[in-house]
Amino acid sequence: RKLRNTVRYMLGALADFSPDEAVELAEMPPLERFILHRLWELDGQVRAAYEAYLFQDVIRPVLDFCQNELSALFFDIRRDSLYCDKPDELRRRAARTAMDAVFERLTAWLSPLIPFTMEEAWTTRFPEGHSNCLRTMPITPTEWRNDAEAARWAKVQQVTSVVTGALEVERREKRMGAALEAAPRVHVADAALMAAFDGLDVAEVFRTSQATLVAGEGPASAFRLPEVAGVAVEPLKAEGRKCARSWRILPEVGSDPRYPDLSLRDAEAVAAWDAARA
């Protein structure tokens, strides 16, 4: 069911995707580079498992990838971009480019084991194409290997686990609802963990409306996890108004008089949509 739901989500997210929309590897954000690295890594594992007829060694790594890197990370972070960015936004195009690569490989890797599900997925997306069962496994470029991004995202997920833990306490104590109500202040004493966030939108990574990173140990009252040393979180509430489109709480909501209920990003996206329909 998890594999089927993963592919079904991608079918919706990739609706009307065109090769003209694709983004080159050099232009991709760090998250998409990490996902492509994981595809490169999995490709070797899957091929070796099939050659040895170890079918469980195909299903288990692919299922873990769908649960951990796709659902809990990639899809969760990029959902806002997929739903709310302008169609020509680089971030959205990169996400769909990486998702297209994932779809192409998942449907091929799993075809020998769950052929009817993968055939249904493939022909739903490409009704005029040949059967998925007649495909060969696509070549995964060695250029996708990126050990630096793998190391980066391992560190990012360490910090994120502390943020998630802090917000879970706030929800349990009825002090906060959804994560988008939050603007955590995250204190990071470890320089390597801090450096992992270079070039990243921390609020996007934490799935919150706002967020700040601060170097240092943080106050004694901040939330900590014993297994993640040097990270402390103050689960503050986001300030501003709630955007009617993205649901993010931002001070800028209402700044564009054309769309008084939207953030600036969403106002620009809706303006482009209205102009295209005019």
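1. At what angle do the axes of helix H1 (residues 2–13) and helix H5 (residues 115–125) cross, and within what distance do they come? In this predicted model, the two axes cross at roughly 0° and come within 11 Å, which makes H1 roughly parallel to H5. On the H1 side the residues that meet H5 are Arg4, Val7 and Leu11, and on the H5 side they are Thr117, Met118, Glu120, Ala121, Thr124 and Arg125. Sorted by character, the residues of this contact divide into 4 nonpolar, 2 polar and 3 charged.

2. A second helix pair is formed by H3 and helix H4 (residues 90–109), which pack at an angle of about 160° with their axes 12 Å apart. Because angles over 145 degrees count as roughly antiparallel, H3 is described as roughly antiparallel to H4, and the crossing of H3 and H4 is left-handed. From H3 the contact draws on Val58, Val62, Phe65, Cys66, Leu70, Phe74, Phe75, Arg78, Ser81 and Leu82, while H4 contributes Arg91, Arg92, Ala95, Arg96, Ala98, Met99, Val102, Leu106 and Trp109. The residues of the contact of H3 with H4 comprise 14 nonpolar, 1 polar and 4 charged.

3. Helix H9 (residues 264–277) can be checked for its length, since at 1.5 Å a residue its 14 residues should span 20 Å, and the end C-alpha atoms are indeed 20 Å apart, in agreement with that expectation. The buried residues of H9 are Asp266, Ala267, Ala269, Val270 and Ala271, and these buried residues pack against helix H3 (56–84).

4. Cys84, which is found in helix H3, deserves a separate look alongside H9. With a relative accessibility of 5%, Cys84 counts as buried, because the cut-off for that class is under 20%. Although Cys84 and Ala269 are 185 residues apart along the chain, their C-alpha atoms are separated by 7.1 Å. When neighbours within four places in sequence are left aside, Cys84 is in contact with Arg245, Ser246, Arg265, Asp266 and Ala269; of these partners, Asp266 and Ala269 are among the buried residues of H9.

5. Which residues does Pro219 contact, leaving aside its neighbours within four places in sequence? The partners are His187, Arg224 and Glu234, and Pro219 itself lies in the loop between strand E2 (212–215) and strand E3 (231–234). The C-alpha atoms of Pro219 and Val233 are separated by 8.9 Å, the two residues being 14 residues apart along the chain. At 29% relative accessibility, Pro219 counts as partly exposed.

6. Two loop residues should be noted for their backbone angles. Lys174 has a phi near 65°, a positive value in a residue other than glycine, and this residue is found in the loop between helix H6 (147–172) and strand E1 (185–188). Its relative accessible area is 75%, so Lys174 is classed as exposed.

7. Trp247 likewise has a positive phi, of about 70°, although it is not a glycine. Trp247 lies in the loop between strand E4 (241–242) and strand E5 (249–250), and with a relative accessible area of 53% Trp247 is exposed, since residues over 50% are placed in that class.

How values were computed. Residues are numbered from 1 along each chain as its sequence is written. This is a predicted model: local features need pLDDT of at least 70, side-chain atom pairs count only at pLDDT 80 or more; totals for chains, interfaces and linings use all residues. Side-chain values use heavy atoms; hydrogens and water are left out. Helices (H or I, at least four residues) and strands (E, at least two) are DSSP runs, numbered from the N terminus. The expected span of a helix is 1.5 Å times one less than its number of residues. Buried means under 20% relative accessible area, exposed over 50%, partly exposed in between (1.4 Å probe, protein chains only). Contact means heavy atoms within 4.5 Å. Axes are lines fitted to C-alpha atoms, for helices over the stretch in contact, and angles run from 0 to 180 degrees between N-to-C directions. Angles under 35 degrees count as roughly parallel, over 145 as roughly antiparallel, 65 to 115 as roughly perpendicular and the rest as oblique. A crossing is left-handed if the near helix is turned anticlockwise from the far one by less than a right angle, and right-handed if clockwise. Ala, Val, Leu, Ile, Met, Phe, Trp, Tyr, Cys and Pro count as nonpolar, Asp, Glu, Lys and Arg as charged, and the others, Gly among them, as polar.
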